[in-house]
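Let's take a walk through a protein together, stopping at its hollows, its surface and its charged pairs. Keep the picture open as you read.

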Amino acid sequence: MGMSTDPQKHGEPAPAGKTPGEARETPPPPAGIRHKGPLELRRKAAKVTMSDRTLLDTKGPGQFVHTDPWRVLRIQSEFVEGFGALADLGPAVSVFGSARTVPGSLNYELAVEVGRKLAEAGLAVITGGGPGSMEAANKGAVQGNGVSVGLGIELPFEQGMNQWVDLGINFRYFFARKTMFVKYAQGFIVLPGGLGTLDELFEAMVLVQTRKVTSFPIVLVGTAFWSPMVEWIQTTLVSEGMMSEEDLDLLQVVDDPALAVELVVEGAARHRNPNGNGAGSGSGTGNSGGTRG
């Protein structure tokens with residue numbers, strides 16, 4: 001009689017869950033394994049074209065430049081260009097205000113004076129690079145023999161960088177541009193403005209309130225313009241518990257450009273030396289003369 005090849009007849013244990021003599025089940029080997037960068041792909045997922053082949057063989061319209069991976073590279077390039085251009089800027093203040101401010105108006109001349117006094121205090125002036133109050137602040141920086149920076153944005157009604165910008169950077173993406181406004185500034189001066197100005201103002205407040213930035217002064221210029229908003233914050237948001245009373249300390253409201261610059265310079269000093277004299281979150285001193293938000 002020939003020797004049996006059945007392992008169960010030689011005392012070998014059956015696999016767990018199997019009865020003696022039942023065939024073992026093992027998973028089939030993957031139908032090919034492909035590596036695509038950091039990805040390991042198996043079975044149906046492995047049926048992909050090699051990246052370098054796609055790069056070298058693809059002809060025709062440039063659909064890829066409209067895909068999300070390409071957009072990520074463009075976003076990255078905006079951060080790289082912005083960081084590179086502003087790395088050696090030195091102490092600076094971002095000035096916000098309406099693009100619709102008319103040259104020669106009170107608000108326009110106010111912005112010119114703010115830009116000039118910031119420059120005379122040794123601070124670079126950063127604006128959105130557009131017309132109106134932005135142009136005026138850049139003009140004042142040039143008149144004060146300071147550094148005038150414009151961070152432009154691609155818009156359907158784009159008017160280009162104003163003539164008073166010495167260093168201009170154009171952005172496709174708002175969030176990349178906003179990062180530059182905060183990263184390279186040591187404070188904000190906010191002139192009367194519309195939705196864009198309000199967006200920048202409240203974002204700055206949120207960043208300070210959540211301690212993403214520290215000792216960051218925010219000074220509003222124009223008590224007649226800003227007081228109704230501040231009163232609404234006090235009587236509605238604070239009274240209904242939507243924000244804390246202390247959050248109003250983030251703001252100073254003044255009329256005098258010289259005082260606005262004094263407050264932001266003082267706050268910028270705390271920003272550079274947060275462990276030095278003076279506490280708070282850019283709210284100024286008790287005898288500064290400015291009104292709290």
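## A walk from pocket to surface

Strand 3 (92-96), strand 5 (148-153), helix 5 (174-183) and helix 6 (195-209) each supply at least two residues of the lining of the largest pocket. Before you look for them, please keep in mind that this is a predicted model. Helix 6 is the one to find first on your screen, as helix 6 gives the most to this lining, with five residues.

How many residues line the largest pocket? There are 28, and the ones that lie nearest the centre are Ala99, Met134, Leu155, Phe157 and Gly196. The space in this pocket comes to about 750 Å³. Sorted by class, its lining is made of 11 nonpolar, 12 polar and five charged residues.

Now let's turn from the pocket to a cavity. Rolling a probe the size of a water molecule over the atoms shows where empty space is left. In this structure, one cavity of 30 Å³ or more turns up. The largest cavity has a volume of about 50 Å³. Its lining consists of Phe96, Lys178, Phe181, Val182, Phe188, Glu200, Glu203 and Ala204. Helix 5 and helix 6 appear again here, each supplying at least two of the lining residues. By class, the cavity lining has five nonpolar and three charged residues, with no polar ones.

One of those cavity residues, Lys178, leads us to the salt bridges. A search of the whole structure finds five of them. Lys178 forms a salt bridge with Asp199, and the closest N and O atoms are 2.5 Å apart. This pair links distant parts of the chain, since Lys178 sits in helix 5 and Asp199 in helix 6, 21 residues apart. Asp199 counts as partly exposed because its relative accessibility is 35%.

Other salt bridges join residues within one helix. In helix 3 (106-120), look for Glu113 and Arg116, which lie three residues apart, about one turn of the helix. Their salt bridge brings the closest N and O atoms to 2.3 Å. Glu113 is partly exposed because its relative accessibility is 24%, and Arg116 is partly exposed too, with a relative accessible area of 22%. Lys117 joins in as well: Glu113, Arg116 and Lys117 are linked in a network of salt bridges.

Helix 2 (68-86) has a pair of its own. Arg71 and Asp68 both lie in this helix, three residues apart, about one turn. Their side chains meet in a salt bridge of 2.9 Å, N to O. Is Asp68 buried or exposed? Asp68 counts as exposed because its relative accessibility is 53%, and the cut-off for exposed is over 50%. Arg71, with a relative accessible area of 31%, is partly exposed.

Stay in this region to see a patch on the surface. Phe64, Val65, Trp70 and Leu73 make a nonpolar surface patch of about 340 Å². You will find Phe64 in the loop between helix 1 (51-57) and helix 2. Phe64 counts as partly exposed because its relative accessibility is 44%.

For a last stop, find Ser98 in the loop between strand 3 and helix 3. Why does Ser98 count as buried? Its relative accessible area is 16%, and buried means under 20%, so Ser98 falls in that class. Ser98 and Pro131 are 33 residues apart in sequence, yet their C-alpha atoms are 8.2 Å apart in space.

Technical notes: Residues are numbered from 1 along each chain as its sequence is written. This is a predicted model: local features need pLDDT of at least 70, side-chain atom pairs count only at pLDDT 80 or more; totals for chains, interfaces and linings use all residues. Side-chain values use heavy atoms; hydrogens and water are left out. Patches are made of residues with over 30% relative accessible area and no salt bridge: like charges are joined within 9 Å, nonpolar side chains (Val, Leu, Ile, Met, Phe, Trp, Tyr) within 5 Å. Accessible areas come from the Shrake-Rupley method with a 1.4 Å probe; for residues, only the protein chains shown count as cover. A salt bridge is a side-chain nitrogen of Lys or Arg within 4 Å of a carboxyl oxygen of Asp or Glu. Helices (H or I, at least four residues) and strands (E, at least two) are DSSP runs, numbered from the N terminus. Buried means under 20% relative accessible area, exposed over 50%, partly exposed in between (1.4 Å probe, protein chains only). On a 1 Å grid over the protein atoms alone, a cavity is a set of points where a 1.4 Å probe fits but cannot get out, and a pocket is an open set with protein on both sides within 12 Å along at least five of seven lines; lining residues have an atom within 4 Å of a point. Grid points are joined across faces, edges and corners, and a volume is the space filled by probe spheres set on the points. Ala, Val, Leu, Ile, Met, Phe, Trp, Tyr, Cys and Pro count as nonpolar, Asp, Glu, Lys and Arg as charged, and the others, Gly among them, as polar.
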